[in-house]
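Here are a few short exercises to work through with the model open beside you. Try each task before you read its solution.

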Amino acid sequence: ETVTEIRVREGVPKIDNLACYGARKLVKVTLPDSITEIGVRAFMFCEKLVTINLPDAITSIGRYAFYATSLKRISSFPATLDFIDDYAFGYCPKLESLPKLPPTLITIGHHAFIDCLNLTSIVIPDTDQRYRDNDYYTTIADNAFEDCWKLLAIAASHRMSINEYFGATNQRKIREPFHNLRVTVLTCIKL
């Protein structure tokens with residue numbers, strides 16, 4: 001409960017499940033380049049955590065990893081990231097924007113950004129050629145952006161199906177073209 005800063009040593013490959021769960025006074029986390037995975041609920045309920053720098057080797061962000069933090073900013077999503085699990089950034093009400101998602105991203109999980117009340121825009125990547133060649137495309141799961149009331153712009157550099165899609169409320173502007181992005185049904189309250 002009293003830890004305010006954590007510096008993970010180089011060589012550590014993963015932030016374990018529940019590693020900093022409930023560290024309510026945690027303000028700063030320094031992750032080494034050796035980290036490839038952030039585990040389930042790793043930083044859940046770290047209420048004072050406002051920024052995170054994700055190392056370049058990260059491939060997956062676990063379920064509820066940053067749930068209910070005060071993240072305002074994510075420095076960048078590494079080019080190696082391919083999986084953002086369910087609720088990973090859920091209820092981060094201060095998060096205003098996301099860096100461009102990488103072309104390696106295969107999945108954005110269910111409710112991954114639910115209740116990010118101040119999130120205003122996202123940029124969906126063009127799927128990396130090696131994934132397209134193997135018939136993999138970015139999948140955005142059910143309700144990934146549910147209750148993101150201020151989400152106004154969704155930009156993508158490729159095509160996707162526009163039927164049965166984005167649950168981002170108040171969505172007013174979508175940039176073309178959209179195709180090759182498989183999207184499952186997302187809740188939509190008002191468009």
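**Exercise 1.** Is lysine 14 buried or partly exposed? Then find its salt-bridge partner and place both residues in the fold of this predicted model.

*Solution.* Start with accessibility: lysine 14 has a relative accessibility of 29%. Buried would require a value under 20%, and exposed one over 50%, so lysine 14 counts as partly exposed. Next, look for the partner: the side chain of lysine 14 forms a salt bridge with that of glutamate 37, at 3.7 Å from N to O. Lysine 14 lies in strand 2 (residues 14-15) and glutamate 37 in strand 4 (residues 37-38), so the pair ties together parts that are 23 residues apart in sequence. Glutamate 37, at 30%, is partly exposed.

**Exercise 2.** Which residues are linked with Arg63 in a network of salt bridges?

*Solution.* Take the bridges one by one. Arginine 63 meets aspartate 85 at 3.8 Å, N to O. Arginine 63 lies in the loop between strand 6 (60-61) and strand 7 (73-74), and aspartate 85 in the loop between strand 8 (83-84) and strand 9, so this pair ties together parts 22 residues apart in sequence. Arginine 63 also meets aspartate 86, at 3.5 Å. Together, Arg63, Asp85 and Asp86 form the network. Now compare accessibility: arginine 63 is partly exposed at 34%, whereas aspartate 85 is buried at 11% and aspartate 86 is buried at 15%.

**Exercise 3.** Where is histidine 111, and which residues does it touch?

*Solution.* Histidine 111 sits in the loop between strand 9 (107-108) and strand 10 (121-124). Its relative accessibility is 14%, so histidine 111 counts as buried. Leaving out residues up to four places away in sequence, its contacts include Tyr87, Gly90 and Asp142.

Key:
Residues numbered from 1 in each chain as written. Predicted model: local features only at pLDDT ≥ 70, side-chain atom pairs only at ≥ 80, totals over all residues. Heavy atoms only, no water. Helix = DSSP H or I, 4+ residues; strand = E, 2+ residues; numbered from the N terminus. Buried < 20%, exposed > 50% of the residue type's maximum accessible area, 1.4 Å probe, protein only. Contact = heavy atoms within 4.5 Å. Salt bridge = Lys/Arg side-chain N within 4 Å of Asp/Glu carboxyl O.
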